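Q: Please take a close look at one part of this model and stay with it before moving outward to its surroundings. I would like the cut-offs behind each term as you go.

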Amino acid sequence: MKGAGGPRLHWWGTLLYVPVLYGLGWLSARPLSLLFPAWRPDQLDLAGAVIALLLLLATLPWRLRRAWGSSAPWQTLGVAVTPIAGVRAFVRGLLKAVLLLAGVCAVLLLSGQARWGGSLTAAEGLNALALLLGVGFAEELLFRGWLWGELDLQAGRQRAIGLQAAVFALVHPWSRLPAPEALALLGGLVLLGLALALQRRADGGALWGAVGLHGGLVGGWFALLAGPLQIASGAPAWLVGAGSPSPNPIGGLLGWLGLGALLWVRRRWW
């Protein structure tokens, strides 16, 4: 991840880069309320996040050239790879997400904590696809692409993998939950951050396997809850995950076991 020209990084730049872009995106989205008065606050926030992502895409090459000394920014981030390598990595990551979700569903159904029924509408299917591609790409570019590279240059290879997972976990809204569930979800997010980093290492630096794994988990779980999987109202949070009535499985025992197994399989890439 180190460029040939040598890194010129400062901690303050790493700390401020993304918050400044997010703030600019948030401010840029405020005038949209005048054009679209029916938009809810969360829709304006989503528009601000999209603008911030566009600003990130526009400025990342400049930052990598200036601060990392990289002459090929998108290759350094693992985005620009051959089409065959990118598709293979994406499919491998997506298949892992499918297997993890299938394992969660199987245990819940066999234990009587969920039942199979209902269907997925076209709108919900498109939403799941948008989550798969949008959240998967945006968060992986940010955390396993830019942030991991910055931490690698400043803190070293081994420290960086743990630090990026910790930051990834901390910025998610785990603290809104009751204390036991919040800590369980925080731990699951750390495990997920580590698993995604090892996925990128296993793919030879290509980012697309992590995109497939991350996006597949987010979009796939949304599709399951919106359609066929009906979780029992009394299902224990320690098993199914935190955040009832729409629990996040990585905050429960099943998610921890699945991610732990994935880390064990990928242990050679530490």
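A: What follows begins with one helix and then moves on to other parts of the chain.

A quick word on conventions: this is a predicted model, in which local features need pLDDT of at least 70 and side-chain atom pairs count only at pLDDT 80 or more, while totals for chains, interfaces and linings use all residues. Residues are numbered from 1 along each chain as its sequence is written, and side-chain values use heavy atoms, leaving out hydrogens and water.

Let's start with α5, residues 83–110 (helices here are DSSP runs of H or I with at least four residues, strands are runs of E with at least two, and both are numbered from the N terminus). Its 28 residues should span 40 Å at 1.5 Å a residue, and the end C-alpha atoms are indeed 40 Å apart; the expected span is 1.5 Å times one less than the number of residues. The buried residues of α5 include Gly86, Ala89, Phe90, Gly93, Lys96, Ala97, Leu100 and Leu101, where buried means under 20% relative accessible area, exposed over 50% and partly exposed in between, with a 1.4 Å probe and protein chains only. An α-helix has 3.6 residues a turn, so residues three or four places apart point the same way. Just after α5, Gly112 takes a positive phi of about 80°.

Ala89 is a good residue to zoom in on: it lies in α5 and is buried, at a relative accessible area of 1%. Its C-alpha is 8.7 Å from that of Arg200, although 111 residues separate the two in sequence. Leu95 makes another long-range link, since its C-alpha and that of Gly212 are separated by 8.0 Å across 117 residues of chain.

That leads us to helix α9, where Gly212 lies. Gly212 is buried with a relative accessible area of 0%. Gly219 is also found in α9, residues 208–226, and counts as buried at 3% relative accessibility. From Gly219 the chain links back to Leu131: they are 88 residues apart in sequence and 5.0 Å apart in space, C-alpha to C-alpha.

Helix α7 makes a handy companion case. Its 14 residues, 157–170, reach 20 Å from first C-alpha to last, close to the 20 Å expected at 1.5 Å a residue. Ala160, Ile161, Gln164, Ala165, Phe168 and Ala169 are its buried residues. Seen down the axis of α7, they fall within an arc of 165°, so they line one face of the helix; the arc is that of the directions from the helix axis to the C-beta atoms. On the other side, Arg159 and Leu170 are exposed.

One loop rounds off the tour. Ser70 sits between α3 (41–68) and α4 (73–76) and is buried, at 5% relative accessible area. Its side chain reaches the backbone nitrogen of Ala72 at 3.3 Å, a polar contact (a pair of N or O atoms within 3.5 Å; within protein, one must be able to donate a hydrogen and the other to accept it, and sequence-adjacent residues count only if both atoms are side-chain atoms). Finally, Trp269 lies in the segment after α11 (253–265) and, at 25% relative accessibility, counts as partly exposed. The C-alpha atoms of Trp269 and Gly251 are 24 Å apart, with their positions 18 residues apart along the chain.
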